[in-house]
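Got the viewer open? Here is a tour of the model, one selection at a time.

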Amino acid sequence: MNNFQKGSEWRRWDLHLHTPNTKLSNDYGHDATVWDRYIENLESSPVEAFGITDYFSADGYYALLEKYLEKYPDTKKVFFLNIEFRVAEAISAKDTNPHIHVIFDNDEKNCSRDDISRFLVALKTHGESASGVRLSCDQLKAETDFMSASVSLEDIKNALKETFGEAKPYLLAFPAKNDGVRSTDSKSPRKVLITDKIDRWCHLFFGPSDSRDYFLKTDRYQEGKSEPKPVISGSDAHSFSDLERLEGNVAGFEPTWIKADLTFRGLKQICFEPDARVFIGTDPEVETRKAHEATKFLSELHINQINGYDERNGCWFKDVAIPLNPELTVIIGNKGSGKSALVDIIGLLGESRQSEYFSFLSDKGSNKKFKQRGYAENFEAKIIWQSGVSTPKNLNANVDITKPEAVRYLPQNYFEQLTNDIEIQEFRRKIEDVVFSHVEETDRMGKTTFSDLQEFKTQQTKQETSALETKLRELNLEIVNLEEQADPLHKKQLEEKLKTKQAELNSLIKAPPTVVEKPEQENLEQQGLSIQIADLTSKQKQLHDTEQKVVDTLTRSKNRLQQLSSLLQSVQTIDGNLAAQKAELLPTCNELGLNIDLIVKAEIDISSIQEHIVRVQAEILHLEKDNQSLISIDFDFSTLKSLPDLRAGYKFLGEQINELKEKLGTPQRKYQGYLDKLAKWNAQKLAVIGDNTEHQGETIKYFESQITYIENTLAAILAEKIAARKTIVEQIFTSKKKVLTFYSDVKKSVEEKLSSVRTDDFSVDIDASFVLDSTFPDEFLNHINKKKRGPFQGANDPAAVLKTLLAEVDWNDFESVYKFFEATIATMRIYKGESLSLKDQVIEIKEFYDFIFSLGYFSTKYELRSVGKNLNELSPGEKGLLLLVFYLQLDKDNIPLVIDQPEDNLDNDSIFAILAKCIREAKKSRQVILVTHNPNLAVGADAEQIIYVKLEKSDKYKFSYESGSIENQNINDKIVLVLEGSQPAFIKRRLKYQI
């Protein structure tokens with residue numbers, strides 16, 4: 001029996017192929033080697049589950065099982081009996097008889113060979129013997145019997161009922177096309193009613209991918225609501241040449257992937273998840289991502305005792321090896337069963353930045369559990385990634401913050417802390433990071449963080465703010481960035497990121513696409529198709545290269561427009577200030593008999609700036625305009641210039657290439673598939689290495705250039721910038737007025753995704769606002785990170801410490817004021833003889849610098865509102881739901897996401913209606929591991945893997961686990977036991993669990 005510990009995985013299934021014993025249309029031949037050849041074809045194919053099909057008979061299925069197991073007794077292949085019947089009722093305009101399939105459970109306990117025999121005896125056909133008696137299926141002998149026989153739908157239904165009673169160890173499948181449902185004569189009301197009856201009765205349909213959307217609809221019937229049902233494709237093989245279809249490269253016979261255990265229970269699961277569990281095509285998305293992003297998937301978690309440990313403090317983890325599903329893994333268990341232990345260990349191995357919130361691996365003196373002496377140091381763990389790379393650590397080790405965060409871990413304690421009133425600023429920043437990832441690249445103005453973009457955007461709306469204040473803020477941004485780069489930790493992080501990227505490159509280099517040689521002989525038609533594909537591919541690449549250039553041009557143009565707008569406003573401010581000052585001096589000049597216009601002469605001409613703005617706006621409009629060109633195969637693609645036109649041309653060429661590929665023979669299809677994979681592989685290598693000129697993005701060349709810059713240039717630039725800041729602060733010393741307005745341009749980037757999870761009780765709105773604190777001490781202390789040790793930490797009476805520093809300041813003397821700034825920063829950096837990081841002492845260095853050096857004491861706020869309330873008014877549960885929605889629905893980072901018990905403080909309606917939907921979406925783009933007590937998350941999100949954990953305290957704290965899919969019977973029992981709690985609560989989900 002196969003062990004599917006990793007849960008539901010994508011596997012190739014073909015539930016419709018005939019054997020050399022097939023009753024009709026047997027084109028395999030009859031020589032002595034036919035069965036060996038047939039079996040070898042199946043064993044070597046990528047298909048793992050087969051539906052062995054015959055007409056009105058099970059003979060071929062049982063013959064195959066006997067011969068197959070004799071030849072391959074240890075085979076991993078799985079076989080299901082599929083009996084094909086000709087239906088007496090016609091539904092097409094041609095009045096031809098469609099075929100229906102009954103696929104049986106392959107578990108002898110549920111459906112034995114005797115059961116099948118009794119079913120075939122009970123099922124009477126419409127073919128008659130010489131005596132005029134209706135023959136049962138088991139009485140059909142001659143080929144003419146099978147050719148003329150048919151059965152009615154009611155006969156099949158009654159025979160199944162007579163044989164199996166209330167048990168249903170079978171699924172009924174009907175063709176989508178080829179005299180099937182979609183071939184119904186719509187002009188015949190009777191046939192439409194028969195079709196709807198068949199549709200209601202059948203569990204799944206055989207058909208191509210273009211029928212999938214039709215059977216997922218809920219309005220298929222003439223009357224009443226229809227249930228979504230799965231569509232699968234089969235080879236319908238009747239010959240050895242037909243068996244080539246098992247490879248998945250033959251046009252018209254798309255491969256079918258099913259995400260399930262290789263069991264009948266697994267197959268039945270597609271009836272409950274027809275959209276998410278079936279894929280018809282080359283590769284499901286997650287399989288492609290596993291190949292291309294192998295360093296972003298956890299494959300296995302291993303935990304073991306170190307050599308020599310005598311178990312004096314408990315057995316705990318011994319030879320634990322847990323495989324992990326690439327999509328959604330849910331960890332369940334009773335309280336104190338080790339659930340949080342597993343995710344804490346993953347967080348440790350993945351260098352999570354939330355280690356201070358670990359519960360099982362807590363290192364806090366007041367809450368040490370497993371990390372007390374004699375425990376954690378006796379155990380080691382490692383993660384094995386999909387790429388094959390292993391990450392080992394002793395459980396007493398700490399997170400290495402110089403290495404990139406490999407997993408995003410949200411511990412339960414972190415959620416509780418982040419969503420309380422004290423951590424509102426940190427909470428806000430986490431959400432802002434996610435929002436920033438959705439800003440269009442050309443609208444980021446070359447910035448890398450939300451705060452950087454926010455500061456840049458505020459410049460164009462500073463109508464009453466002096467040019468000096470603007471320069472100060474720009475300079476502070478530079479200084480913060482330079483100080484962060486000057487931090488030795490930053491250089492170490494860059495070096496570690498460089499190693500990670502080099503590892504990615506090595507992983508790619510070691511796994512190039514398998515070479516497929518170009519077919520040596522081609523007929524003229526195939527040669528022509530190959531030439532056309534090559535030509536169109538070349539044109540498509542040219543369009544892609546042009547598109548990249550247009551994106552770069554747009555980015556530069558939008559930056560230039562931003563600078564021009566800021567310049568225009570600054571000049572207009574000068575003009576306005578000059579006019580106001582002249583008006584103030586006018587009464588004095590008049591009294592003295594002087595002409596103010598002769599004294600103050602100034603000429604401001606903004607026409608050249610306006611001309612530049614108009615020209616740049618026209619350039620942007622030209623490059624962003626959708627000209628809706630009528631593109632055809634003979635179109636001159638070199639004439640496409642705008643971004644929408646280039647993308648439309650690229651898409652059109654892609655569709656043309658795909659159509660031509662469908663006409664290729666199998667060898668050419670394989671070769672073209674190889675060329676496609678090779679092109680993607682080379683593109684991915686280039687994306688990791690980076691561009692030779694720009695050095696932008698997280699690439700090898702970018703990290704190398706940054707490290708060189710830090711070593712050779714940074715210190716001198718930082719000293720120069722700090723000296724320049726003092727000069728600006730002195731110039732604005734007498735002017736404290738500051739108006740800071742921020743208009744949020746990122747709202748539109750996330751509105752659509754947020755609206756998709758809107759309900760009557762939940763919504764998210766984004767707005768921009770600014771807040772002025774009432775007093776300097778309060779504003780100052782609001783910038784302090786109160787969780788970190790330092791002079792302004794709560795136990796030190798921070799208000800008194802600040803009062804002492806302020807006592808030395810002469811606010812009429814700039815040098816005294818500036819010494820206060822320097823003394824305050826020095827106090828934060830050296831505390832009781834210990835060097836501290838300013839980055840840890842304040843919440844946001846940039847905001848702190850802007851506040852203290854500008855003398856304005858204004859703070860900008862990026863305001864989020866949920867269910868009509870702002871962040872400060874939300875309850876911890878409401879904030880928790882909001883943060884989860886952002887991480888699951890909007891976060892574009894594709895490293896694994898690990899969440900520990902997110903459902904606390906949330907009601908079941910919210911969990912099911914919002915979180916389950918968000919988790920379903922999130923697992924399409926990243927691996928998700930979830931600890932939960934709630935069945936709505938585990939089952940509602942259709943977890944691919946359930947891990948049931950147990951910690952037997954009475955047996956030396958021995959840890960054990962069971963793992964598998966929802967469709968696994970043992971796992972079903974554990975879900976009901978742990979999550980449902982009682983049978984009544986379980987009834988509503990009984991279909992999902994298949995009980």
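## Stop one: a loop residue

Start by selecting Asp236, which sits in the loop between β9 (231–232) and β10 (256–259). Keep in mind as you look around that this is a predicted model. The phi angle of Asp236 is near 50 degrees, a positive value in a residue that is not glycine. Is Asp236 buried, partly exposed or exposed? Its relative accessibility is 27%, so Asp236 counts as partly exposed.

## Stop two: zoom out

Now show the whole chain as a cartoon. You'll be looking at 34 helices and 26 strands. The chain has 995 residues, and 50% of them count as buried. Switch on a surface if you like: the accessible surface comes to about 47800 Å², with 48% of that belonging to carbon and sulfur atoms. And how do the contacts spread along the sequence? Taking contacts between residues at least 6 apart in sequence, 73% join residues at least 24 apart.

## Stop three: a covered helix

Next, pick residues 339–349, which make up helix α10. How many of its residues are buried? The count is 11 of 11, so this helix is mostly covered because its residues fall under the 20% cut-off for relative accessible area. Click along α10 and you'll meet charged residues among the buried ones, including Lys339 and Asp344. Leu342, Val343, Ile345 and Ile346 are also among the buried residues of α10. While you're clicking, remember that an α-helix has 3.6 residues a turn, so residues three or four places apart point the same way. Then step just past the end of α10 to Glu351, where phi is positive, at about 55 degrees.

## Stop four: a cavity

Time to look for hidden space. Across the whole structure there are six cavities of 30 Å³ or more. Go to the second largest cavity, which holds about 70 Å³ of space. To find it, select Asp14, Ser235, Arg245, Glu254 and Pro255, the residues nearest its centre out of the 13 that line it. Which element gives the largest share of that lining? Strand β1 (residues 10–18) does, with three residues.

Keep Arg245 selected and add Asp242. These two form a salt bridge, with their closest N and O atoms 3.0 Å apart. Both Asp242 and Arg245 are buried. For a salt-bridge network, select Lys259, Glu327, Lys923 and Glu944, which are joined into one by bridges that share partners.

## Stop five: two more salt bridges

Side chains of opposite charge can pair when their charged atoms come close. There are 49 salt bridges in the structure, and two of them make good stops here.

Begin with Asp59 and Lys23, a salt bridge whose closest N and O atoms are 3.0 Å apart. This pair links distant parts of the chain: Asp59 belongs to helix α2 (residues 59–71), while Lys23 is in the loop between β1 and α1 (34–44), 36 residues apart. Asp59 is partly exposed, at 46% relative accessibility. Lys23 is partly exposed too, with a relative accessible area of 23%.

Then jump to Lys197 and Glu154, whose side chains meet in a salt bridge at 2.8 Å, N to O. Why does this pair tie together separate parts of the sequence? Lys197 is in helix α6 (residues 189–201) and Glu154 is in helix α5 (residues 153–164), so the bridge connects parts that are 43 residues apart. Lys197 has 41% relative accessibility and counts as partly exposed. Glu154 is also partly exposed, with a relative accessible area of 33%.

## Stop six: a nonpolar patch

Turn to the surface and select Leu592, Leu594 and Ile599. Together they form a nonpolar patch with about 310 Å² of accessible area. Leu592 lies in helix α16 (residues 524–592). Buried or exposed, which is it for Leu592? Leu592 is exposed, because its relative accessible area is 60%, and exposed means over 50%.

## Last stop: another positive phi

Finish at Tyr957, in the loop between β25 (945–952) and β26 (958–964). Tyr957 is not a glycine, yet its phi is positive, at about 55 degrees. At 32% relative accessibility, Tyr957 counts as partly exposed.

Conventions: Residues numbered from 1 in each chain as written. Predicted model: local features only at pLDDT ≥ 70, side-chain atom pairs only at ≥ 80, totals over all residues. Heavy atoms only, no water. Helix = DSSP H or I, 4+ residues; strand = E, 2+ residues; numbered from the N terminus. Buried < 20%, exposed > 50% of the residue type's maximum accessible area, 1.4 Å probe, protein only. Patch = residues over 30% accessible without salt bridge, like charges linked within 9 Å, V, L, I, M, F, W, Y side chains within 5 Å. Areas by Shrake-Rupley, 256 points an atom, 1.4 Å probe, with all protein chains shown as cover. Salt bridge = Lys/Arg side-chain N within 4 Å of Asp/Glu carboxyl O. Contact = heavy atoms within 4.5 Å. 1 Å grid on protein atoms, 1.4 Å probe; cavity = no way out; pocket = protein on both sides within 12 Å on 5 of 7 lines; lining within 4 Å. Points joined across faces, edges and corners; volume = space filled by probe spheres on them.
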